[in-house]
Amino acid sequence: MKLLIVEDEDTLRDNIASYFTEEGNVCESCGTLDTAIEKLSGYNYDCILLDIGLPDGDGFTVLDYLRENNKNEAVLIISARNSLDDKINGLNVGADDYITKPFHLAELKARVAATYRRKTFNTNNKLIFNEIIINLPGRTVNINDTRIVLTRKEFDMLLYFIANKGKVISKNAIAEHMWGDEMDMHDNFDFIYTHIKNLRKKLIDAGCADYLKSVYGIGYKFSAE
Amino acid sequence: MKLSSHYNKASIIVSVLVLFAAAIIYYFAIHKIARNQLDSELSEEIGERIDYVNRYGKIPKKDFDESLTEYSKIPTADFPTRFFDTVYYNTREKTNENGRAIAALIKLNGENYKVIITESYASIDDLTQVITLITLVLTIILLFVLFITNKYVLKGLWRPFYHTLHELKTFNISVPGNIKTQTNKVDEFNELNAAVQLMSARVKKDYEHLKHFTENASHEMMTPLAVITAKLDTLIQDESLKPEHYDQINDIYSATGKLSRLNQSMLLLVKIENNLINDGESINLHSAIAQKLRQFQELLLARNITVAEDLQDKNIFASRSLIDVLLNNLFSNAIRHNIQNGKITITLTNDKLIFQNSGAAKPLDESLLFERFQKGQKSDGTGLGLTIVKNICALYNWQVSYTHTGLLHNFEIAF
């Protein structure tokens, strides 16, 4: 996947780029509207991460540019404003999704993966990770040929882990992804453990390798290593 | 007491005092004038008697005229003429009456006679009575007129003032538009209106600034928060970290999460309070609650909380995001302040939504409960959850209230 990150905050941009850089991904980044347009005029990308507040103008200009030039990049807006702001309301401006600051990198990655999947839906409606075969439109999971039955949350969690494969994901990030960030919970995320345990058991029982590892008290890692 | 009553009281007291004093002065003045008049009449009569005695050389007969005249011989000739008040017997009316008398010396044939002429005060008394009566009637009329004038004329004069007062009472800082005042003939009121207009405009402007400041400040904080979160997310990928580092990172995660929730809550409050949310749609509350219940399932299970629901179909017209926040906060609140193996009862009828949860045995202080940053001692929340609930309810004109019955905390929203 070829990504363009348009974000004016240098450190945030670098962190996003390093988090996304892995085998099969190419990340380019820039911090101004002008350079973003310049890059878009010369290259094609699969996905653009677009910050709305840029020093030399409004990120929406990039969306206008894409529409005018019939470009088909998936766009994920990064904004300090949330869904209640009129500006961003409805996504009818032409973006595919948006994420509100502050966000977890794991969440961003899962969103990008989902957006990218939606864009390329026709050719690829199956997500395969070694022996795990996920039918996305049917929301079913097979381990090799064995069908396993997952609850909605377990299914979402599996997708989330696969999108962030090889990364340590904090419990905070998992909780926010599964239960929403407005949900003002205890800082006690023990209940997540039960869920992950159930998911892991279902996968292993169907003959799947044990990919889910707990990382000290901080979180979990889904990894083939 | 109203200003007009104060004014009425003062003016009536002053009027009564002045009129009373005037009546006293008036009485004495008239009395004095009348007595002088009587005295000069008496002097004239004495003159007439002396003339008679000198001309005819004898004492006149008694019934000279209506006045009472007495003669008596006195040994001395040294008798100065004097006037004095006396009481005499009116033979016609057979009563004692007040009279004015003159005593003088008449000489006849070398003998000295004392003559006393007495005249009745009756005519003067009548005059005084009439005058007193007129004064009294005038006083009553004056007081009545004063009262009516104060009541109606002053009321009319003060009308612009009461209009301005009403405008001030209904002044709402978050409602756009300035205070409307009436122009009028009274300079003081015009001045007051001008001052009120100026003040309200300035207050509104300050409030506007503050609003924008809060919004901008909250938005500006989002990017640094995003940086911290991204740094932490990157940091935990480092395999050389030790377990104690993870503990520290966990704490930073918690604090960052709390800060960002706090920030979002403040932004939300600013938006609700400024009526910036107007994306209303028809929402089936029953299914919204059922959906939230599914979302919170794991949290309920973790504390083994049982949920009893009695939900009727109810459609409301509101912003979906706000209803989402409202239910989130009600659920979070009911779960967070619950006990292990506790229970939650959710009741939805056509006119109310009730969340009941077990929890601390003591009732909460309703006056503080919905205030900002009022939170339980053990709460890790932002302290804004119930304030947001209250404000969302206020936005849609719903009444939210808290009661404590048995061992349950009840939060009721009446639509």
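Contact here means heavy atoms within 4.5 Å. In this predicted model, the contact takes 43 residues from chain A and 46 residues from chain B. Between them, the two chains bury about 4100 Å², and 54% of that area lies on carbon and sulfur atoms.

It helps to look next at what the side of chain A that touches chain B is made of. Its residues divide into 17 nonpolar, 14 polar and twelve charged. The elements that contribute two or more residues to this side are α1 (10–20), α4 (105–119), β12 (168–170), α6 (171–179) and α7 of chain A. Of these, α1(A) provides the largest share, with five residues.

Specific interactions can be picked out as well. Ten residue pairs are in polar contact between chain A and chain B, counting pairs with both residues at pLDDT 80 or more. One salt bridge is found across the interface: the side chains of K221(A) and E239(B) meet at 3.2 Å, N to O.

Helix α7 of chain A, one of the elements on the side that touches chain B, also packs within its own chain. The axes of α5(A) (residues 152–163) and α7(A) (residues 190–205) come within 10 Å and cross at roughly 80°. Since angles of 65 to 115 degrees count as roughly perpendicular, the two helices are therefore roughly perpendicular to each other. On α5(A) the contact is made by E154(A), M157(A), L158(A) and F161(A), while α7(A) supplies H195(A), I196(A), N198(A), L199(A), K202(A) and L203(A). Six of the residues in this contact are nonpolar, two are polar and two are charged.

Methods
Residues are numbered from 1 along each chain as its sequence is written. Chains are lettered from A and ligands numbered from 1 in the order in which they are written. This is a predicted model: local features need pLDDT of at least 70, side-chain atom pairs count only at pLDDT 80 or more; totals for chains, interfaces and linings use all residues. Side-chain values use heavy atoms; hydrogens and water are left out. Axes are lines fitted to C-alpha atoms, for helices over the stretch in contact, and angles run from 0 to 180 degrees between N-to-C directions. Helices (H or I, at least four residues) and strands (E, at least two) are DSSP runs, numbered from the N terminus. Angles under 35 degrees count as roughly parallel, over 145 as roughly antiparallel, 65 to 115 as roughly perpendicular and the rest as oblique. Ala, Val, Leu, Ile, Met, Phe, Trp, Tyr, Cys and Pro count as nonpolar, Asp, Glu, Lys and Arg as charged, and the others, Gly among them, as polar. Buried area is the accessible area (1.4 Å probe) that two parts lose on being put together, summed over both. A salt bridge is a side-chain nitrogen of Lys or Arg within 4 Å of a carboxyl oxygen of Asp or Glu. A polar contact is a pair of N or O atoms within 3.5 Å; within protein, one must be able to donate a hydrogen and the other to accept it, and residues adjacent in sequence count only if both atoms are side-chain atoms.
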